[in-house]
Amino acid sequence: MDNLSEKLAEELENHTAFTIPIFGGIPVPDSCLVSWIIIGVVVLLSIILTHNLKKVPKGKQCLLEIAVKWMNNFFLDTIGPHGKKYLPILETFLIYIGFSNIIGIFGFVPPTKDINVTVALAVMASVLIQVTAVIEKGGKRWAKSFVEPMPAMLPMNLLELVTRPLSMSMRLFGNVLGAFVVMELIKICIPAGVPVPFSLYFDIFDGAIQAYVFVFLTSLFMAEAIED
């Protein structure tokens, strides 16, 4: 049992992948390195899938258009037609978080297992929500929204600026970490090959669900922030 606890604790640590030899050494954690790999893969796939597009789609172009159309409809149904200009960044959130959550099946440590990554994502989402409100409402109406429906609500509305990103980051981090812990326990306790069906659930299905929930909440809060 002690060996099991030690091995699990070792897997949960955020290791330093390498150190950049400038300014006294800048440590680059595994989560950052894996994020770079994900970004590189996504960029490469984007180049491959969008190369030589046809007016009449075939093969890979059909799959690409189906995926893009699904994402567009998903976000537009939540935000509305006036949110079309925000689709690229929302879809980028979905793709990055989705890849980050399921990359464990390829032997990498999910970046979203690192609380620093989930907090950064949640802060970026919160900034996006407020910037969207300023763009759509204007600075005065955005500032006025903090004292609605009555001035006494100002402290609660300001507190939301902290609680929302905190809850979003902890939800994503907790679910990804929980799935990672369960899979590590299964790999340690069960012979090789048996954990495959569990991986399909915890690494793929659960990871996709968590990415969906994160971007859904982000788009929902954006719709709430810009509504009249």
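## A first look at the chain

Of the 228 residues in this chain, 33% count as buried. Keep in mind that you're looking at a predicted model. The chain is built from eight helices and two strands, and reading from the N terminus, the elements go α-β-β-α-α-α-α-α-α-α. Take the contacts with a separation of 6 or more: 65% of them involve residues 24 or more positions apart. On the outside, the chain exposes about 13600 Å², with carbon and sulfur atoms supplying 70% of that.

Here are two helices to pick out on the model:

| Helix | Residues |
|---|---|
| H2 | 30-49 |
| H4 | 87-102 |

Let's start with H4. This helix has 16 residues and reaches 22 Å from its first C-alpha to its last, close to the 22 Å expected at 1.5 Å a residue. Quite a list of H4 residues is buried, including Leu87, Leu90, Phe93, Leu94, Tyr96 and Ile97.

Now for the surface. Ile37, Val41, Leu45, Ile95, Phe99, Ile105, Phe106, Phe108 and Ile204 make a nonpolar surface patch of about 700 Å². The elements giving two or more residues to the patch are H2 and H4. H2 gives the most, with three residues.

One patch member to look up is Ile95, which lies in helix H4. Is Ile95 buried, exposed or partly exposed? Its relative accessible area is 32%, so Ile95 counts as partly exposed. Patch residues need over 30% relative accessible area, and Ile95, at 32%, is one of the residues that make the nonpolar patch.

Key:
Residues are numbered from 1 along each chain as its sequence is written. This is a predicted model: local features need pLDDT of at least 70, side-chain atom pairs count only at pLDDT 80 or more; totals for chains, interfaces and linings use all residues. Side-chain values use heavy atoms; hydrogens and water are left out. Helices (H or I, at least four residues) and strands (E, at least two) are DSSP runs, numbered from the N terminus. Buried means under 20% relative accessible area, exposed over 50%, partly exposed in between (1.4 Å probe, protein chains only). Contact means heavy atoms within 4.5 Å. Accessible areas come from the Shrake-Rupley method with a 1.4 Å probe; for residues, only the protein chains shown count as cover. The expected span of a helix is 1.5 Å times one less than its number of residues. Patches are made of residues with over 30% relative accessible area and no salt bridge: like charges are joined within 9 Å, nonpolar side chains (Val, Leu, Ile, Met, Phe, Trp, Tyr) within 5 Å. A salt bridge is a side-chain nitrogen of Lys or Arg within 4 Å of a carboxyl oxygen of Asp or Glu.
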